[in-house]
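The exercises below ask for a reading of one structure, taken step by step. Try each task before reading its solution.

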Amino acid sequence: IDAPPAQVWALVTDLAAMAARSPQVVRSTIKGGAVAQGTKFSNLNRQGPLFWPTKGKVVRFEPHTDFAFRIAENKTIWSFALEPTATGGTLLTQRRETPDGISGISLTLTKYVLGGQEGFTARLRAGMQQTLEAIKADAERARVA
């Protein structure tokens with residue numbers, strides 16, 4: 001991304017704006033104001049005609065470097081790693097980690113309601129790519145302005 005890590009950090013930690021960047025997130029509501037370590041939030045997610053709520057908590061918050069949150073319902077950790085580049089930009093990596101596995105209820109719902117693990121994972125990967133592209137566009141547009 002042709003923008004410094006501080007600028008990209010401001011975008012990835014703006015959870016309320018995630019709905020504008022992620023194809024799955026419809027709305028995010030932050031509990032208690034500013035996003036920081038321990039901040040709790042809720043999401044409303046969508047896939048086609050299906051909607052479901054999730055609750056998240058920020059579990060890593062290292063400014064301009066590492067931001068991650070855990071989703072309570074399925075135990076997954078979503079993260080963004082930021083690294084400065086030699087040209088003054090940022091290498092941004094998004095991950096969906098499952099260090100504690102995925103909850104049984106989430107696996108069951110994915111299998112029977114969301115079209116199976118393979119298709120759901122493919123949609124998540126495509127959504128992550130779309131999210132990264134939107135962050136890149138927003139960061140670079142702001143840098144030009």
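## Exercise 1: Two loop residues

Lys75 is partly exposed because its relative accessibility is 32%; buried means under 20% relative accessible area, exposed over 50%, and partly exposed in between, with a 1.4 Å probe and protein chains only. The model is a predicted one: local features need pLDDT of at least 70, side-chain atom pairs count only at pLDDT 80 or more, and totals for chains, interfaces and linings use all residues. Residues are numbered from 1 along each chain as its sequence is written, and side-chain values use heavy atoms, with hydrogens and water left out.

Task: where is Lys75 found, and what is its phi?

Solution. Step 1: Lys75 sits in the loop between S4 and S5; helices (H or I, at least four residues) and strands (E, at least two) are DSSP runs, numbered from the N terminus. Step 2: its phi is positive, about 70 degrees, although Lys75 is not a glycine.

Task: in which loop does His64 lie, and is it buried or partly exposed?

Solution. Step 1: the loop between S3 and S4 holds His64. Step 2: His64 has 36% relative accessibility and so counts as partly exposed. Step 3: the phi of His64 is near 70 degrees, a positive value in a residue other than glycine.

## Exercise 2: Salt bridges

Task: how many salt bridges does the structure hold, and which parts does the pair Asp138 and Arg21 tie together?

Solution. Step 1: there are six salt bridges, each a side-chain nitrogen of Lys or Arg within 4 Å of a carboxyl oxygen of Asp or Glu. Step 2: one of them joins the side chains of Asp138 and Arg21, at 2.9 Å from N to O. Step 3: Asp138 belongs to helix H3 and Arg21 to the loop between helix H1 (5–12) and S1, so this pair ties together parts 117 residues apart in sequence. Step 4: Arg21 is buried, since its relative accessible area is 6%, whereas Asp138 is partly exposed at 23% relative accessibility. Step 5: a network of salt bridges links Arg21, Asp138 and Arg141.

Task: which residue forms a salt bridge with Arg70?

Solution. Step 1: the partner of Arg70 is Asp100, with the closest N and O atoms 3.1 Å apart. Step 2: Arg70 is in strand S4 and Asp100 in the loop between S6 and H2, so the bridge ties together parts 30 residues apart in sequence. Step 3: Arg70 counts as partly exposed at 26% relative accessibility, and Asp100 counts as partly exposed at 46%.

## Exercise 3: The surroundings of Asp66

Task: is Asp66 buried or exposed, and which residues does it contact?

Solution. Step 1: Asp66 is placed in strand S4. Step 2: the relative accessible area of Asp66 is 13%, so it is buried. Step 3: apart from neighbours within four places in sequence, Asp66 is in contact (heavy atoms within 4.5 Å) with Trp9, Arg60, Phe61 and Phe80. Step 4: with Arg60, Asp66 forms a salt bridge whose closest N and O atoms are 2.6 Å apart. Step 5: Arg60 is partly exposed, with a relative accessible area of 25%.

## Exercise 4: Contacts of Leu132

Task: how far apart are Leu132 and Phe80 in sequence and in space?

Solution. Step 1: Leu132 is a residue of helix H3. Step 2: Leu132 and Phe80 are 52 residues apart in sequence, while their C-alpha atoms are 9.7 Å apart in space. Step 3: not counting residues up to four places away in sequence, Leu132 touches Phe80, Leu92 and Gln94.

## Exercise 5: The largest pocket

Task: how many residues line the largest pocket, and which element gives the most to the lining?

Solution. Step 1: on a 1 Å grid over the protein atoms alone, a pocket is an open set of points where a 1.4 Å probe fits, with protein on both sides within 12 Å along at least five of seven lines; lining residues have an atom within 4 Å of a point. Step 2: the lining has 37 residues, and Gln24, Asn45, Trp52, Phe120 and Leu124 lie nearest the centre of the pocket. Step 3: elements that give two or more residues include strand S1 (25–31), strand S3 (50–62) and helix H2 (104–112). Step 4: H3 gives the most, with six residues.
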